[in-house]
Amino acid sequence: MKSKKYFFLVTIFLVQSTLTFASKPDKIAVSVPPVAFIVQEIGGDKIDVLTMVPPNSNPHFYEPSIRRMISFSESGRFFSIGSEFEQVWLDRLLSLNDNMKVRSITQHVPVSSGLDDPHVWMSPSNVKRMAEEVLSELSKMLPAKKTVFNSNYDSFAAKIDDIKNKIDKITKKCDTDKFITVHPVFGFFASEFQLEQIAVEKHGHEPSARYLSSLMEIIEEEKIKFIFSQPQVSQQYVKVIVEETGIAEEMIDPLSNDLFIMFENILSVFNKYCR
C-alpha cells in the first residue's frame, strides 16, 4: 500500500515538473531596454527577455557583474543590434555558452544616420524593420506560436506607423530643421525626418568654451526653442545653455523600456514648439 502511494506521489511530482518546465518561456538576451521592448512586444508571454543594461545606465560604460553574465549565458539566443559595446559582452557570453545563437535584427534597417551611432531604434522605420526581423526569428524558434507573433507584430507596426506619421507631420511645421541635443542620440531620428541634430557633446568629449559659444549663436540665428537632455548624461552644459539663451530643457530617455512612450514624448516636444 505504501509503495503504491509513494509511486503515485512520485508520478504527480514528475508530471507537475514536466508541465512547469514545458510552460517556461524561451529566453532571449538583448543589450538595451529599447530592444527588449521590441522583442517583448512581438513575443508576448511566450518568451522571456533578458536585458544586459539596466534602465538609466549608460551602455558605453556599463560593466555587467559575473552573476549577470552567468544568468544571460542561459539564453538560447542573443538578438544583436551590432553596436560596439555589445561585442565585448558577446565574447564573454559565448565563452560561457558556445551554443548561444547570435542573430542580427538591424542588418536591413532602411534609415542610416551616416554616423558611428548605435541608437538605431531612434528611427520609427528602423524599429518597424527590427520588429520584422524579431518576428521572423521567433517564428522559426516557435513555429506553433507564429499566428500569435504575427498578430502582435501587426498591432505593433500599426502603432509605430501612426507615431511616425504624426512626427513627420508636426516636424514639417518647425521654423528650422535644426535642434539641439546634449548627446548625439538623434542621428537616425534626424535622418528619417530630414532634420539636423546639433549635439553639445562631440565624440564623447565635453564641449570647449568656443564650441559652446558657437552653439549659442546657432540657437539665436535659427530661433531654436529647446534642447533635448537625457538622464544618462551630465546636465552641466545643458544648464549653462539654458541660462544663457533662455531656451527650454526637454528631458527624453533614449534608453526607455517603452518606445511608444519615448516617441510620444518626442512628438509632444515638437508639438509644443512647432505649431
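**Notes on the predicted model: helix packing and an aromatic cluster**

1. A good place to start is the meeting of two helices: Phe37, Ile38, Glu41, Ile42 and Gly43 in α2 touch Phe149, Asn152, Tyr153 and Phe156 in α6. By class, the residues of this contact between α2 and α6 divide into six nonpolar, two polar and one charged. Please keep in mind that this is a predicted model.

2. How are α2 and α6 placed relative to each other? Helix α2 (residues 33-43) packs on α6 at an angle of about 125°, and their axes are 7 Å apart. That angle makes α2 oblique to α6.

3. Helix α6 (residues 146-171) also packs with helix α5 (residues 124-141), here at an angle of about 180° and with the axes 10 Å apart. Because of that angle, α5 is roughly antiparallel to α6. On the α5 side the contact is made by Pro124, Ser125, Val127, Lys128, Ala131, Glu132, Leu135, Leu138 and Ser139. On the α6 side, the residues involved include Phe149, Tyr153 and Phe156, and these three residues of α6 also meet α2. The contact of α5 with α6 has ten nonpolar, three polar and five charged residues.

4. For the overall picture, the secondary structure of the chain comes to ten helices and eight strands. The C-alpha atoms fill a box of roughly 90 × 40 × 30 Å along the principal axes. Of the 275 residues, 48% count as buried. Among contacts between residues at least 6 apart in sequence, 60% join residues at least 24 apart.

5. Now to helix α4 (residues 84-96). Which of its residues are buried? They are Phe85, Glu86, Trp89, Leu90 and Leu93. What covers these buried residues includes α3 (66-72), β3 (77-80) and β4 (101-104).

6. Asn97 sits in the loop between α4 and β4. With a relative accessibility of 16%, Asn97 counts as buried, since the cut-off is under 20%. Leaving out residues up to four places away in sequence, Asn97 touches Ser73 and Ser75.

7. The aromatic side chains deserve a look of their own. A search of the whole structure finds 15 aromatic pairs. One of them joins Phe186 and Phe228, whose ring centres are 4.6 Å apart and whose planes are at 15°, so the pair is stacked. Phe186 lies in the loop between β5 and α7 (187-192), while Phe228 lies in strand β7 (residues 226-229), so the pair ties together parts that are 42 residues apart in sequence. Both Phe186 and Phe228 are buried.

8. What else belongs with this pair? Phe186 and Phe228 are members of one aromatic cluster, together with Phe179, Phe189, Phe193, Phe226, Phe270 and Tyr273.

9. Thr181, in strand β5 (residues 178-181), is in contact with both rings' residues, Phe186 and Phe228. Is Thr181 buried or exposed? Thr181 is buried, because its relative accessible area is 1%. Beyond its neighbours within four places in sequence, the other contacts of Thr181 are Gln197, Ile198, Ala199, Val200 and Ile227.

10. Gln197 belongs to strand β6 (residues 196-199). Its relative accessible area is 14%, so Gln197 is buried too. Among the residues that Gln197 touches, not counting those up to four places away in sequence, are Leu115, Phe179, Thr181, Phe186 and Ala190. The list for Gln197 also takes in His183, Pro184, Val185 and Gly187. Gln197 and Phe186 are eleven residues apart along the chain, and their C-alpha atoms are separated by 6.5 Å.

11. Last comes helix α9 (residues 236-245), in which Tyr237, Val238 and Ile241 are buried. These residues cover an arc of only 105° around the axis, which puts them on the same side of α9. As background, an α-helix has 3.6 residues a turn, so residues three or four places apart point the same way. The buried residues of α9 pack against α8 (209-222), β7 and β8 (248-251); β7 is also the strand that holds Phe228. Just after α9, Gly246 takes a positive phi of about 80°.

Notes. Residues numbered from 1 in each chain as written. Predicted model: local features only at pLDDT ≥ 70, side-chain atom pairs only at ≥ 80, totals over all residues. Heavy atoms only, no water. Buried < 20%, exposed > 50% of the residue type's maximum accessible area, 1.4 Å probe, protein only. Helix = DSSP H or I, 4+ residues; strand = E, 2+ residues; numbered from the N terminus. Contact = heavy atoms within 4.5 Å. Axes fitted to C-alpha atoms, helices over the stretch in contact; angles between N-to-C directions. Parallel < 35°, antiparallel > 145°, perpendicular 65-115°, else oblique. Nonpolar A, V, L, I, M, F, W, Y, C, P; charged D, E, K, R; others polar. Phe/Tyr/Trp six-rings, centres within 6.5 Å; stacked < 30°, edge-to-face > 60°. Arc of directions from axis to C-beta.
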